[in-house]
Amino acid sequence: RTVEPLEYYRRFLKENCRPDGRELGEFRTTTVNIGKCLWNNNNGGGSITTADGSALVKLGNTTVICGVKAELAAPAVDSANKGYIVPNVELPSLCAERFRSGPPGEEAQAASQFIADVIENSQMIVKEDLCIATGKLAWVLYCDIICLDYDGNLLDASVFALLAALKNVQLPLVTINEETGLSEVNVKQKNPLIIRKHPVATSFAIFDDTLLIVDPTAEEEDLATGTVTIVTDEEGRLCSVHKPGGSPLTGAKLQDCVTRAITRHKEVKKLIDKVIKSITPK
Amino acid sequence: SLSPGDTSVLAGLYGPAEAKVSKELPDRAALEVLLRPKVGLPGVLERSREQLLRQTCEAVILGVLHPRTAISLVLQVLSDAGSLLSCCLNAACMALLDAGLPLATLFCGVTCALQPDGTILLDPTAQQEQEARAILTFAIASSERKVLMASTKGSCSVEEMQQCLVAAQRAATTIFQFYRDSVRRRYSKC
């Protein structure tokens, strides 16, 4: 396994299964933990900092945690009725030995851009919903996605964690006092975030130009000749097809991936709904 | 240098050259892609584009023929009037051709814009990109027109994606013909 990893894998793939016992189209066990206010700090001086939503997702061994913090800011001049969503993916050196400490590497930056694209493409949070007073005040949602243990398939776990954390977010009601022009935050009254779409990502690894396996582990990703990630929403529309190079695929193979992604979406949606129902206080 | 319409990208390829010990790979060439925007410093968007370009080129370059070397591809955006990513892809491929690096297949970049009324537009301008419902960029390989790279912006249905893919594959033929003509022109002078 250490000396000739590719040959070792090929032997398994010929039998249509993988070393950890899974089928080619089978996902690892997914667990989701939605918690309230994992970290919470308060700084005076005018702005309100509240940690509103967090979620921990485990996809096999890959562990990703997402925390959403909401802050107030003035909207940009050219889009006065839009708030901001700022995703940030971090791959600290504790999650895998190949990530060094220091400024974010290419993988972390590419992942951050991918998450930003998914939010934008799927319209899961419409920026106009984040606006409180046109031209004066809007919400900024800082979404920090941190990988705690990297065992492949980072993008799927990140998207899932982001979705779960955002579903958990409760924003306090903010009103602008007409006379003073200052904002007043009503911590007692909280509204959940309006999430319009629920995108779910499905990643595949391509082996030897022909075989497609779902949910690759870190070992499989290293041996693969390419990867494909497909993000679908509940209507079966494609939010993103991300195939960063790698072996060429025919249109038919891509279609197979899309069909599998749509099935996966249904499974994940059921899981999220179950979790949300179990934590909602009555 | 490649300019479809007003979008212009300059590509420079250096290599295979000696690699730094920290970066060299024992069995293949190490490829590095740098994308410099027209204004400002390279940000997260450039990094993700660099990753797309790098992995596309790595799939195509026969790196095993040049182990422990480094190949650097530097792209400078001169002007952006839409379809930037496919312009970068085309510039990268022509630079690889010009340098004479061993390639498994050629590739070309095609951008499709899905307009709100459902029509597919190839090679959109910046204005058309703004109005479009979705923009799909594909890198199509010259052998059997397979998909090397896919990147989408905005959401679309599965059928629409397939239609765009077919249209892109058809357009790829025109682009490969353009490659042939350019290379012929270059080498017929001397």
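In the UniProt record, an unreviewed entry, the annotation "domain: Exoribonuclease phosphorolytic" covers residues 3-102 and 106-170 of chain B. The model examined here is predicted. Within the annotated part, residues 106-170 of chain B are 29% helix and 40% strand. The end C-alpha atoms of this span lie 15 Å apart.

Chain B contains an open sheet of three strands. The strand order is E1-E3-E2, and the pairing is mixed. Strand E1 (8-18) and strand E2 (30-36) of chain B form the edges. Each of these two strands pairs on one side only. From one strand to the next, the twist averages 15 degrees. In general, the strands of a sheet pair through backbone hydrogen bonds, and the pairing is either parallel or antiparallel. E1(B) and strand E3 (residues 69-79) of chain B pair in the antiparallel sense. Nine bridges join this pair. B:Gly12 stands opposite B:Val74, a residue of E3(B).

Two helices are placed against these strands. Helix H2 (residues 84-99) of chain B packs on the sheet and touches E1, E2 and E3 of chain B. The direction of H2 makes about 40 degrees with that of E1(B). Helix H1 (residues 44-60) of chain B lies across E2 and E3 of chain B. H1 runs at about 145 degrees to E2(B).

The cavities were examined next. The structure holds three cavities of 30 Å³ or more. The largest cavity contains about 70 Å³ of space. Its lining includes A:Leu59, A:Pro199 and A:Val200. A:Asp156, A:Ala157, A:Val159 and A:Phe160 are also among the lining residues, as are A:Ala201, A:Arg264 and A:Val268. Helix H3 (154-168), strand E9 (200-207) and helix H5 (251-279) of chain A each supply at least two residues of this lining. H3(A) gives the most, with four residues. By class, the lining of the largest cavity has eight nonpolar and two charged residues, and no polar ones.

The second largest cavity has a volume of about 50 Å³. This cavity is lined by residues of chain B: B:Arg28, B:Ala29, B:Leu31, B:Glu58, B:Ile61, B:Gly63 and B:Ile71. Four of the lining residues are nonpolar, one is polar and two are charged. The polar residue is B:Gly63, because Gly is counted in the polar class. The charged residues are B:Arg28 and B:Glu58, because Arg and Glu count as charged.

How values were computed. Residues are numbered from 1 along each chain as its sequence is written. Chains are lettered from A and ligands numbered from 1 in the order in which they are written. This is a predicted model: local features need pLDDT of at least 70, side-chain atom pairs count only at pLDDT 80 or more; totals for chains, interfaces and linings use all residues. Side-chain values use heavy atoms; hydrogens and water are left out. UniProt positions are given in the numbering used here, feature names are shortened, and annotations may be inferred rather than shown by experiment. Two strands pair if DSSP finds at least two bridges between them. Axes are lines fitted to C-alpha atoms, for helices over the stretch in contact, and angles run from 0 to 180 degrees between N-to-C directions. Contact means heavy atoms within 4.5 Å. On a 1 Å grid over the protein atoms alone, a cavity is a set of points where a 1.4 Å probe fits but cannot get out, and a pocket is an open set with protein on both sides within 12 Å along at least five of seven lines; lining residues have an atom within 4 Å of a point. Grid points are joined across faces, edges and corners, and a volume is the space filled by probe spheres set on the points.
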